[in-house]
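Reader: I'd like to learn how to read the overall layout of a model and then one of its pockets. Could you walk me through it?

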Amino acid sequence: MKIYNTLTKKKETINPLEKGKLNIFVCGPTTYNLIHIGNARTFTSFDFIVNYLRHKTFRVNYIQNLTDIDDKIINAANEAKEDPLKFSEKYCKEFLIDMKDLGNTAVSKYVKSTEEMKNIISQIERLLEKEFAYKTNDGIYFNISIDPEYGKLSGRTALQAEDAVTRVDSSSEKKNKGDFCLWKFAKENEISWDAPFSKGRPGWHIEDTAITEKEFGPQYDIHGGAIDLIFPHHEAEIAQMEAISNKKPFVKYWMHAGFLDMKKEKMSKSIGNIITLRDLLKQQSKETIRFFYASAHYRNRIEYSEENLENSKNGLDRINNFILNLNNQDDKELETTKKAFYAALDDDFNTPEAFAKIFEYISYCNKNKKGGKDTLSFFKEVNNIFKILNFNQEIPEEIIKLAEKRLKAKKDKNWEKSDQLRDQIQAKGFQIEDKEDSYLLRPN
Ligand code: AMP
């Protein structure tokens with residue numbers, strides 16, 4: 001399988017550090033509010049990818065962090081007049097509920113930043129010792145000018161990106177504009193941890209390298225996140241860990257997911273154009289939302305709109321309906337489809353291309369009355385990766401017969417009979433939804 005590596009700017013075949021095993025880390029949320037559907041797009045993209053890597057029999061250890069201490073958390077907790085740790089704990093829990101409700105289950109372990117304080121402090125001590133880090137009046141900073149390779153991931157050395165400005169560490173005593181904070185000295189009445197160099201709290205980037213060093217060691221296979229994290233966050237992680245361990249590359253493959261937009265603008269709390277996942281899940285099934293995410297390549301932007309979501313719902317109905325109406329005639333077209341489907345996923349996880357192959361196959365089967373047991377097994381495989389299909393709808397034979405009769409009545413324009421049959425189906429506990437030339441049955 002090939003994936004696009006942001007570090008080398010090429011598609012590369014995945015070749016694990018240890019045969020058959022992949023250590024993967026994806027940046028999790030900063031827990032001070034409910035996540036929006038843009039955040040959820042990134043987490044679901046990696047859920048799909050990890051499910052697929054496991055399908056390919058890699059043994060994947062997938063860790064995600066929860067940033068549970070940060071300026072944003074402290075500010076939001078102050079506003080709510082709550083203790084910051086209790087405040088972030090509440091949103092950690094909400095996040096895990098959201099992930100479960102959306103069907104994201106691939107993560108092996110979530111680790112909170114505050115659980116790794118010992119290694120955060122140890123990493124800063126090692127950076128001070130090697131003189132990559134220095135003290136100012138308000139904290140400890142990483143000196144980017146000592147690292148000749150700083151900028152190798154993003155191609156940047158200074159903070160130029162609009163999307164990075166919210167997380168710039170400013171201090172009047174910094175040696176370089178781009179130096180980033182490793183440790184913020186405690187302010188009065190602010191939450192802090194004891195450390196040999198001074199009481200305080202960690203900077204953002206050190207939290208992740210402390211977790212991954214503890215979980216995986218100084219080097220690992222795949223690091224993911226959304227595209228806005230390339231700079232300065234991921235650049236800083238590389239600088240820190242490679243300075244500490246001297247082992248390169250810190251991470252072999254860097255994968256970055258594109259944004260979810262609304263009205264052609266990145267969905268973001270600061271712009272105010274957000275829909276929480278919690279709210280969308282009240283209106284749409286998790287399967288529809290997942291399928292909507294899969295409708296775009298993970299590296300491309302995806303536009304949220306009611307219409308696009310409706311299209312995903314219709315596409316999914318088409319697949320579910322096809323599964324419900326399978327007969328028992330597979331032919332060689334299935335093998336051709338399987339090959340093309342997996343070839344698309346093997347090519348940097350090209351989901352739109354993979355599902356296009358599925359829809360072509362459905363059209364072929366509908367036209368030629370094909371698709372049987374082996375087709376069903378293939379769709380179950382697909383579902384193990386994406387968790388979008390509905391196999392639990394055990395529709396009794398009797399109901400299917402009524403639905404077929406109704407389809408015929410509709411074709412004959414016998415509306416009275418068609419209505420009577422719909423009422424009978426409903427009375428027996430099923431909904432029937434009309435589709436062009438077919439129908440979809442669901443239990444009430
Ligand atoms: P945060 O809680 O701000 O640290 O964000 C959590 C994750 O969601 C990070 O990987 C962000 O880059 C990602 N993210 C934020 N906004 C969007 C968006 N509109 N589309 C996709 N991913 C996003």
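Reader: What percentage of the contacts in the protein with a separation of 6 or more comes from residues 24 or more positions apart?

Author: Keep in mind that this is a predicted model. For contacts, the idea is to look at how far apart the partners sit in the sequence. Here, residues 24 or more positions apart account for 76% of the contacts with a separation of 6 or more.

Reader: And how do I get a feel for the overall build? How many helices and strands are there?

Author: Start with the elements, then the extents. The protein has 14 helices and 16 strands, and its C-alpha trace spans about 85 × 50 × 35 Å along the principal axes. Of the 444 residues, 53% are buried. The accessible surface comes to about 20,700 Å², with 47% of that belonging to carbon and sulfur atoms.

Reader: Which domains does the domain assignment give?

Author: It gives domain 1 (2–278), domain 2 (306–386) and domain 3 (397–443). Taken over C-alpha atoms, the centres of domain 1 and domain 3 are 53 Å apart.

Reader: Now the pocket. How much space lies in the second largest pocket, and which residues are closest to its centre?

Author: With a pocket, go from volume to lining. The second largest pocket holds about 640 Å³ of space. It is lined by 18 residues, and those closest to the centre are Asn 325, Asn 366, Lys 369, Glu 404 and Ser 438.

Reader: Which element supplies the largest share of that lining?

Author: That's α9, with four residues. At least two lining residues come from each of α9 (306–324), α11 (351–368), α13 (397–411) and β16 (438–443). In domain terms, domain 2 (306–386) and domain 3 (397–443) each provide at least three residues of the lining.

Reader: What about chemistry: how many nonpolar, polar and charged residues does the lining have?

Author: Sort the lining by class and you get six nonpolar, six polar and six charged residues.

Reader: Let's zoom in on a single residue. Asp 317 lies in helix α9; is Asp 317 buried or exposed?

Author: For that, check relative accessibility against the cut-off: buried means under 20%. Asp 317 has 5% relative accessibility, so Asp 317 counts as buried.

Reader: Which residues does Asp 317 touch, not counting those up to four places away in sequence?

Author: Leaving out those sequence neighbours, Asp 317 touches Glu 433, Lys 435, Leu 440 and Arg 442.

Definitions and conventions:
Residues are numbered from 1 along each chain as its sequence is written. This is a predicted model: local features need pLDDT of at least 70, side-chain atom pairs count only at pLDDT 80 or more; totals for chains, interfaces and linings use all residues. Side-chain values use heavy atoms; hydrogens and water are left out. On a 1 Å grid over the protein atoms alone, a cavity is a set of points where a 1.4 Å probe fits but cannot get out, and a pocket is an open set with protein on both sides within 12 Å along at least five of seven lines; lining residues have an atom within 4 Å of a point. Grid points are joined across faces, edges and corners, and a volume is the space filled by probe spheres set on the points. Ala, Val, Leu, Ile, Met, Phe, Trp, Tyr, Cys and Pro count as nonpolar, Asp, Glu, Lys and Arg as charged, and the others, Gly among them, as polar. Domain bounds come from an automatic or database domain assignment. Buried means under 20% relative accessible area, exposed over 50%, partly exposed in between (1.4 Å probe, protein chains only). Contact means heavy atoms within 4.5 Å. Accessible areas come from the Shrake-Rupley method with a 1.4 Å probe; for residues, only the protein chains shown count as cover.
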